[in-house]
Amino acid sequence: MASVFKRSKVRPMPPGARVVERRGERVAEWTDAAGQKRRAPVTEDGSGVRIEAATFTVKFSDEHGRERKVSSRCRHATGPRA
């Protein structure tokens with residue numbers, strides 16, 4: 001059975017980030033190098049932020065029974081939108 005999900009990575013806390021609480025969750029807010037405002041959830045220990053991938057990943061078992069994870073290259077779980 002296949003599953004579709006977004007991967008996430010833990011990154012160090014960005015310089016100049018401030019931690020605030022939104023909807024009962026701690027998030028970091030900062031301005032990136034391009035001048036855009038960014039927001040991401042803070043890790044449990046408060047040392048970093050969890051960044052979610054822009055595209056979805058598909059997890060499945062191949063014909064040899066090996067578990068595979070492949071990027072769908074789609075930003076929507078249902079596929080490309082017109």
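The following legends describe an overview and several close-up views of a predicted model of one protein chain.

**Figure 1. The protein chain as a whole is built from strands without helices.** The secondary structure comes to six strands and zero helices. Followed along the sequence, the pattern reads β-β-β-β-β-β. The C-alpha trace spans about 50 × 35 × 25 Å along its principal axes. The radius of gyration of the chain is 16 Å, whereas a compact globule of 82 residues would have a value near 12 Å.

**Figure 2. Surface and contacts of the protein chain.** What share of the 82 residues is buried? Buried residues make up 18% of the chain. The accessible surface comes to about 6,700 Å², and carbon and sulfur atoms account for 46% of this surface. Among the contacts with a separation of 6 or more, 35% join residues that lie 24 or more positions apart in the sequence.

**Figure 3. Three strands form an open sheet.** The order of the strands across the sheet is β1-β5-β6, and their pairing is antiparallel. Strands β1 (3–12) and β6 (67–71) are the edge strands, each of which pairs on one side only. Neighbouring strands of this sheet are turned by 45° against each other on average, with direction ignored. In the order of the sheet, β5 stands between β1 and β6.

**Figure 4. Close-up of the pairing between β1 and β5.** How many bridges join these two strands? Nine bridges connect β1 and β5, and the pairing is in the antiparallel sense. One position may serve as a guide for the reader: K9 has I51 in β5 as its bridge partner.

**Figure 5. Close-up of the pairing between β5 and β6.** Strand β5 comprises residues 48–61. Five bridges join β5 to β6, and these two strands run antiparallel. Two residue pairs can be located in this view. S61 stands opposite E67 in β6, and T57 has S71 in β6 as its bridge partner.

**Figure 6. Close-up of the hairpin formed by β5 and β6.** Five residues lie between the two strands of this hairpin. Which residue in the turn has a positive phi? The residue is G65, with a phi of about 85°. On the β5 side, the strand ends at residue 61, and on the β6 side, the strand begins at residue 67. S61 and E67, at these two strand ends, stand opposite each other.

Definitions and conventions: Residues are numbered from 1 along each chain as its sequence is written. This is a predicted model: local features need pLDDT of at least 70, side-chain atom pairs count only at pLDDT 80 or more; totals for chains, interfaces and linings use all residues. Side-chain values use heavy atoms; hydrogens and water are left out. Two strands pair if DSSP finds at least two bridges between them. Helices (H or I, at least four residues) and strands (E, at least two) are DSSP runs, numbered from the N terminus. Axes are lines fitted to C-alpha atoms, for helices over the stretch in contact, and angles run from 0 to 180 degrees between N-to-C directions. The radius of gyration is taken over C-alpha atoms; the globule rule is 2.2 Å times the number of residues to the power 0.38. Buried means under 20% relative accessible area, exposed over 50%, partly exposed in between (1.4 Å probe, protein chains only). Contact means heavy atoms within 4.5 Å. Accessible areas come from the Shrake-Rupley method with a 1.4 Å probe; for residues, only the protein chains shown count as cover.
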